[in-house]
Amino acid sequence: MLAVTSARIAVRVQARARLDELVAIREGVLLVRVTAPALDGRANRGLCRLLAKRLGVAPSSVTIIRGQHSRDKLVQVEGVDQATLDDALEP
């Protein structure tokens, strides 16, 4: 039986930014800017695409498990361990 690895990270999202970018990690929270507006889940999809691209996983592997309607979110990424996630998302 295969063990599925996953990791979680707390994220704060700023929608309608100039660029899609990872800004910093402050007090254990990843600050992210996305160009998409916080309307109809567009900013959430933009966040998932940005994280997936940075981590080299499919966008479907990135799931917002808490905070879908908030700028503070808890994101889970399937297929990477916590150490890999922390290293890859260092701005």
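A residue counts as buried when its relative accessible area is under 20%, as exposed when that area is over 50%, and as partly exposed in between. By that rule, buried residues make up 38% of the 91 residues in this protein. The model is a predicted one.

**Whole chain**

Start with everything selected and the cartoon on. The protein has 2 helices and 5 strands. Followed from the N terminus, these elements come in the order β-β-β-α-β-β-α. Switch to the C-alpha trace and align the view with the principal axes: the C-alpha atoms fill a box of roughly 40 × 25 × 20 Å. The radius of gyration is 12 Å, which agrees with the value near 12 Å that a compact globule of 91 residues would have.

**First loop: R16**

Select residues 6–14, which are β1, and 21–26, which are β2; R16 is in the loop between them. Show the side chain of R16, an exposed residue because its relative accessible area of 63% is over the 50% cut-off. Then check the backbone. R16 is not a glycine, yet its phi is positive, at about 55 degrees. Most residues other than glycine have a negative phi.

**Second loop: D40**

Move on to the loop that runs between β3 (29–33) and α1 (42–55), and pick D40 there. What is the phi of D40 near? It is near 55 degrees, a positive value, and D40 is likewise a residue other than glycine. D40 counts as exposed, at 61% relative accessibility.

**Strand β4: I65**

Select residues 62–66 to bring up strand β4, and within that strand pick I65. Is I65 buried, exposed or partly exposed? Its relative accessibility is 34%, so I65 counts as partly exposed. Now draw a distance from the C-alpha of I65 to the C-alpha of L85: the two residues lie 16 Å apart in space and 20 residues apart in sequence.

**Helix α2 and the negative patch**

Select residues 82–88, helix α2, and find D86 in this helix. With a relative accessible area of 37%, D86 is partly exposed. Patch residues need over 30% relative accessible area and no salt bridge, so the 37% of D86 clears the area cut-off. Which residues form the negative surface patch? Add D81, D87 and E90 to the selection: together with D86 they form it. Colour these four acidic side chains and turn on the surface to end the tour on the patch of D81, D86, D87 and E90.

Conventions:
Residues numbered from 1 in each chain as written. Predicted model: local features only at pLDDT ≥ 70, side-chain atom pairs only at ≥ 80, totals over all residues. Heavy atoms only, no water. Patch = residues over 30% accessible without salt bridge, like charges linked within 9 Å, V, L, I, M, F, W, Y side chains within 5 Å. Areas by Shrake-Rupley, 256 points an atom, 1.4 Å probe, with all protein chains shown as cover. Lys, Arg positive; Asp, Glu negative; His and termini not counted. Charge placed at Lys NZ, Arg CZ, Asp CG, Glu CD. Helix = DSSP H or I, 4+ residues; strand = E, 2+ residues; numbered from the N terminus. Buried < 20%, exposed > 50% of the residue type's maximum accessible area, 1.4 Å probe, protein only. Rg over C-alpha atoms; globule rule 2.2 N^0.38 Å.
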